[in-house]
Amino acid sequence: MNAFLNGLLRCRRAPWEAVASILIALGVFMLMQPFALVAFTYSFAVTLVGTMTFIIVSHFPE
Amino acid sequence: MSNTAMDRVAEATPPKVARRIRGLSDRVIAWIFVAPTIALLLAINIFPLLWTVWLSFTNYRANRPNLPVQWIGLRNYERILSDADIWATMQATAHFLFWTLFFQVVLGFALAWLINRKFKGNDLWTTIIVLPMMLSPAVVGNFWTFLYQPQIGLFNYGIAFLTGVDPTSFSMIGDVALAPWSIVIVDTWMWTPFVMLICLAGLRSIPDYIYEAAECDRASNWRQFWTITVPMVLPFLMLAVLFRGIENFKMFDLVVQLTGGGPGSITELTSINLKREAFEKWRTGYSSAYAIILFVTVFGLASIYVKALNKVKDR
């Protein structure tokens, strides 16, 4: 856990990519889930933030 | 004097042109070759994408080109993301996507595993299995509509033979509960061979000596399967899932031919809904925002998937 947080603070690619991937997966789940319309409403914002984060952090050092 | 084609071209080139070409650096020549492709890519991929992004913030309607176009900000996105009908469409797409991928992976891998075993008529069976993939989706949609007919359809009679129910008592494409499964069955029937072919390529790329070494170590067939076959086929399988996932997310033709999105809108997938918004209701700005939402979703999913694929390949 400490290594993960250190990686985030030092702008390392792997932990940030993990965060972005979780955001994208969460956004897609929110988009297609059958439980709450409010989750559907915010799904695109979550997916977009995740995707933009993914594009940016893929240029971070290993 | 040599007579190769290149020499003949060189001799036929006027001295002025030849001098001009000789004066170009490798970098410039490379750009000359690449430039038409880049121009084409910009014209038919990048420009329409940027244009769609712009349209998604407007109230533009393609059937009323003379109407002034107004900038309405995020209103199109707000409307789409609070629309219960589009939410239902997304759920229909999720159902279709999940089950088609599940069945295609399981059946495709199983078929590849069977075909990979050497037996008589192996090539003939491979050809027969691959046939559905070569058919046009319009043709497949049409003849499965006949197969699903309650009165004359072979599918209903097959189910009746296996279960004992009356073949006319159910309609695969007319029943709200069965229609989503009818499109899953047809897509699985059509595209399982594609997954099988990719898995077969993976299975055939595993060298025999690995299995021989495992047998020397007295590893059981079950253990060989889980520790050699599955890990080595996994990158191929993931690639197949990526291709099928993207294709099925934008599935249109097969479902339109088969159910037309019905009964009601139970099998209306996102691409069908998008087409209706864009070319039946002519809400171009609205449908542009819809397309952007789908694009970002597929792009995001594909990004994490490619990352996972690279990880598996490096292992």
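This report describes the fold of chain B and the contact between chains A and B in a predicted model.

**Chain B**

Chain B is built from 14 helices and has zero strands, and its elements, read along the sequence, give the pattern α-α-α-α-α-α-α-α-α-α-α-α-α-α. The radius of gyration of chain B is 27 Å, whereas a compact globule of 315 residues would have a value near 20 Å. Further values for the chain are collected below.

| Property of chain B | Value |
|---|---|
| Span of the C-alpha trace along the principal axes | about 85 × 75 × 40 Å |
| Share of the 315 residues that count as buried | 27% |
| Share of contacts with a separation of 6 or more that join residues 24 or more positions apart | 71% |

Thus 71% of the contacts in chain B with a separation of 6 or more are between residues 24 or more positions apart, while 27% of the 315 residues of chain B count as buried.

**The contact between chains A and B**

How many residues of chain A are in contact with chain B? There are 18 residues of chain A in contact with 18 residues of chain B. On the side of chain A that touches chain B, α2 (13–32) and α3 (37–57) of chain A each supply at least two residues, and the largest share, nine residues, comes from α3(A). Sorted by class, this side of chain A has eleven nonpolar and six polar residues, together with one charged residue.

Methods
Residues are numbered from 1 along each chain as its sequence is written. Chains are lettered from A and ligands numbered from 1 in the order in which they are written. This is a predicted model: local features need pLDDT of at least 70, side-chain atom pairs count only at pLDDT 80 or more; totals for chains, interfaces and linings use all residues. Two residues are in contact if their C-beta atoms, placed from the backbone, lie within 7 Å. Helices (H or I, at least four residues) and strands (E, at least two) are DSSP runs, numbered from the N terminus. Ala, Val, Leu, Ile, Met, Phe, Trp, Tyr, Cys and Pro count as nonpolar, Asp, Glu, Lys and Arg as charged, and the others, Gly among them, as polar. The radius of gyration is taken over C-alpha atoms; the globule rule is 2.2 Å times the number of residues to the power 0.38. A residue is buried if 20 or more other C-beta atoms lie within 10 Å of its own, exposed if 12 or fewer, and partly exposed in between; C-beta atoms are placed from the backbone.
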